[in-house]
Amino acid sequence: MPTETFEFQVEARQLLQLMIHSVYSNKDVFLRELVSNASDALDKLRLEKLKDDALDADVSDLHVEIDIDKDARTLTVRDNGVGMSYDEVGQLIGTIANSGTAKFLQELREAKDAAGEEGLIGQFGVGFYSGFMVADEVTLVTRRAGEGQGTRWSSRGEGTYTLEAVDGAPQGTSVTLHLKPADPENQLHDYTSPWKIKEIIKRYSDFITWPIRMAAEAPAATGEGDQDAEGGEGDKAPEPETLNSTKALWARSRDEVSEDEYHELYKHIGHDWREPLETIRLQAEGTFEYQALLFLPAHAPHDLFTREYKRGVQLYVKRVFIMDDCEALLPPYLRFVKGVVDAADLSLNVSREILQQDRQIERMRRRLTKKVLSTVKEMMGKDQERYATFWREFGAVLKEGLVTEPENQEAILAVASFASTHDDTEPTTLKQYVERMKDGQDVIYYLTGESRQAIENSPHMEAFRDRGIEVLLLTDPVDEVWVDAIGEFEGKSLRSVAKGQLDLGSEDEKTSGEEREKQADEYAGLLGWMKEQLDEDIKDVRLSSRLTVSPACVVSDANDPTAALENMYRAMGQEVPRSKRILELNPDHALVKGLNEAYKEREDRTELTETAELLHGLALLAEGGQPKEPARFVKLMAERLERAL
């Protein structure tokens with residue numbers, strides 16, 4: 001059969017020009033595409049042989065082979081897979097661009113980043129054409145398994161390609177690239193360099209099922225002994241080197257993989273020298289198949305809460321590496337999870353924008369999230385020590401999900417634990433708190449602060465400590481937010497002990513209702529006067545039912561944000577109006593009693609105004625805040641101390 005010349009269609013020529021004058025910064029992906037095609041061909045041959053045992057095909061040593069010819073500057077990727085017939089070459093190679101090129105070119109123009117551009121190479125079956133990014137000419141020789149005649153396809157990417165039948169072609173397909181000169185400035189590397197080929201295979205194709213082999217470099221001649229050995233043992237070519245591990249641990253049953261192998265994989269992909277805390281396996285079958293091998297680290301990375309932290313797991317498609325840090329597969333509050341997800345039914349389309357919109361990816365995300373949370377819950381029940389390590393390292397980030405993902409609030413709360421006044425060292429769950437609640441108590445009390453010690457020493461805790469009412473001690477910044485997002489647990493509302501009016505409802509209150517009314521009348525004048533004096537800074541002044549030792553404290557109104565929450569929003573660059581707070585006084589404290597008596601006795605209340613200002617400042621300091629004008633507060637305090645000496 002004579003050589004025939006065909007013209008590419010207009011869109012195909014556009015695609016070829018795109019590859020020849022490639023805009024892609026990472027040209028290495030051409031080898032990923034060719035190896036992936038070769039692997040698919042080997043898979044297809046194995047399947048055809050299983051279906052038809054009479055098929056005249058050698059399946060004894062299925063593999064991919066890479067040959068380098070430095071002198072001719074060629075790179076050949078060869079497989080002994082299913083191969084193609086003459087007609088199939090015309091359909092699959094010559095006109096492959098017909099089906100999707102217009103859409104491909106349109107999406108390429110719309111790609112917003114280099115990762116998106118690079119990913120589009122693997123889309124619409126144009127992977128073969130990526131060879132023109134690095135080659136002036138591409139030649140393909142193939143023979144379909146079971147047939148006697150082969151086919152050669154060749155093109156310089158200039159608008160035409162040739163097809164001819166050839167005899168003696170081996171089973172399978174070989175693609176030979178006549179390489180362009182290396183141009184490091186334009187990311188066009190020297191692909192006749194064995195180390196460069198090894199690097200690309202290790203990065204993209206390490207877990208391909210089939211061995212990827214390359215001739216080992218022959219040792220350099222060292223002297224006469226080498227020349228004497230010509231024709232003998234010294235002239236024997238070295239054994240080919242297998243470049244990939246072929247160990248896709250996630251595709252093997254758990255019985256076939258040791259813990260050490262899992263740990264080594266984690267250290268490799270997690271860039272961590274320590275062993276993981278937990279290994280999670282997941283295999284989904286049915287309409288959308290994928291396998292996942294995830295790891296919970298034992299230590300939080302130092303940059304976990306920075307914007308620069310790269311989250312996400314590695315994404316593979318049929319063991320072909322697609323991308324690092326695939327954010328679409330896990331929510332941000334699980335950003336510490338490392339691992340691999342291998343999908344069988346995705347194309348090699350790695351555009352991050354498309355992944356975020358893919359319904360199958362969203363299903364994977366939901367299932368992976370539930371699997372991680374259920375694993376933590378199981379750890380919580382079976383191994384308290386390991387759970388304690390996990391929560392210490394990652395509890396703060398996991399609680400972000402209580403705010404950002406309402407559908408999983410219940411599952412996150414089920415694995416959450418909190419410091420509490422019930423025990424100095426052991427944390428508690430909300431469920432355990434509810435089980436210990438006193439008769440008649442219908443509220444879960446909590447207080448936020450910078451540390452356990454600061455919270456326990458807060459004036460807001462005094463009445464609760466005296467009456468033995470348990471309070472959750474929340475010290476993570478996110479605690480300021482999620483308690484409002486949750487609102488309640490098992491019908492019990494969550495309430496800050498530093499917000500709103502406090503009515504503990506205890507029968508053994510020290511102050512009866514009558515006495516409280518009497519105190520209200522007695523202090524009415526002082527409270528009204530102090531409100532006038534401090535009007536710029538406070539919303540109200542009232543008597544407190546939460547203080548037993550301290551003279552005063554400041555509280556937020558029931559529906560107002562706390563001062564700490566306001567400060568947190570401001571630190572994030574969000575401007576929020578400053579809420580005035582309420583000053584509460586302890587009517588049983590000597591300082592407050594003395595202030596009330598002085599108010600009633602004195603007509604000149606200039607010093608009392610300063611005393612009221614100092615009392616407000618002390619209340620702010622007691623909760624970890626600071627007066628509006630620290631220098632003035634210090635000056636007033638120094639003057640008072642001086643007069644007291």
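Biologist: Which residue of β20 stands opposite E488?

Modeller: In this predicted model, the residue opposite E488 is S493 in β20.

Biologist: What makes strand β19 and β20 a pair?

Modeller: A pair requires at least two bridges. Two bridges join strand β19 (residues 488–489) to β20, so the criterion of at least two is met. These strands run antiparallel, and they form a hairpin with two residues between them. In that turn, E490 has a positive phi of about 50°.

Biologist: What makes β17 and β20 a pair, and in which sense do they run?

Modeller: Strand β17 (residues 443–448) and strand β20 (residues 492–496) share four bridges, which satisfies the requirement of at least two. Their sense is parallel, and Y445 stands opposite R495 in β20.

Biologist: How do you know that β15 and β16 are paired?

Modeller: Strand β15 (residues 418–420) has two bridges to strand β16 (residues 423–428), and at least two are needed; the pair is therefore accepted under that rule. The two run antiparallel, with T428 as the bridge partner of F418. A hairpin of two residues connects β15 to β16.

Biologist: Why are β1 and β9 called edge strands?

Modeller: The sheet concerned is open and has nine strands in the order β1-β6-β5-β4-β7-β3-β2-β8-β9, with mixed pairing. β1 (4–7) and β9 (241–242) each have a single partner strand, so one side of each has no neighbour in the sheet. Within this sheet, strand β4 (residues 135–143) and strand β5 (residues 150–155) are antiparallel and joined by five bridges; T142 stands opposite T151 in β5.

Biologist: Which strands does helix α2 lie across?

Modeller: Helix α2 (residues 29–51) lies across β2 (64–69), β3 (74–79), β7 (172–179) and β8 (212–214), and it runs at about 25° to β3.

Biologist: Why is the aromatic pair of F30 and Y191 given its geometric name?

Modeller: The search of the whole structure finds 17 aromatic pairs. F30 and Y191 are one of them, at 5.0 Å centre to centre and with 75° between the planes. The centres must lie within 6.5 Å, and planes over 60 degrees apart count as edge-to-face; the pair is accordingly edge-to-face. F30 belongs to helix α2 and Y191 to the loop between β7 and α6 (194–204), so the pair ties together parts that are 161 residues apart in sequence.

Biologist: How would you describe the packing of α2 and α6?

Modeller: Their axes come within 10 Å and cross at roughly 65°, and the crossing is right-handed. V29, L31, R32 and V35 in α2 meet I197, I200, I201 and Y204 in α6. By class, that contact has seven nonpolar, no polar and one charged residues.

Biologist: Why are α10 and α11 described as oblique to each other?

Modeller: The axes of helix α10 (residues 359–382) and helix α11 (residues 384–398) come within 8 Å and cross at roughly 140°. Roughly antiparallel needs an angle over 145, and roughly perpendicular ends at 115; α10 and α11 are therefore oblique. α10 passes α11 in a left-handed crossing. The contact involves L373, V376, M379, M380 and K382 of α10 with Q384, R386, Y387, F390 and L398 of α11. Its residues divide into seven nonpolar, one polar and two charged.

Biologist: What orientation class applies to α20 and α21?

Modeller: Helix α20 (residues 590–601) packs with α21 at about 155°, with the axes 11 Å apart. Angles over 145 count as roughly antiparallel, which therefore is the class of α20 relative to α21. The crossing of α20 past α21 is left-handed. L591, L595, A598 and Y599 of α20 make the contact with L608, T611 and L615 of α21; by class there are six nonpolar, one polar and no charged residues.

Biologist: What makes β21 and β22 the edge strands of their sheet?

Modeller: Three strands form this open sheet, in the order β21-β23-β22 and with mixed pairing. β21 (538–543) and β22 (552–555) each pair on one side only. The twist averages 25° from one strand to the next. Helix α21 (residues 606–622) packs on the sheet and touches β21, β22 and β23, its direction making about 65° with that of β22.

Note on methods: Residues numbered from 1 in each chain as written. Predicted model: local features only at pLDDT ≥ 70, side-chain atom pairs only at ≥ 80, totals over all residues. Heavy atoms only, no water. Axes fitted to C-alpha atoms, helices over the stretch in contact; angles between N-to-C directions. Contact = heavy atoms within 4.5 Å. Parallel < 35°, antiparallel > 145°, perpendicular 65-115°, else oblique. Left-handed = near helix turned anticlockwise from the far one by under 90°. Nonpolar A, V, L, I, M, F, W, Y, C, P; charged D, E, K, R; others polar. Phe/Tyr/Trp six-rings, centres within 6.5 Å; stacked < 30°, edge-to-face > 60°.
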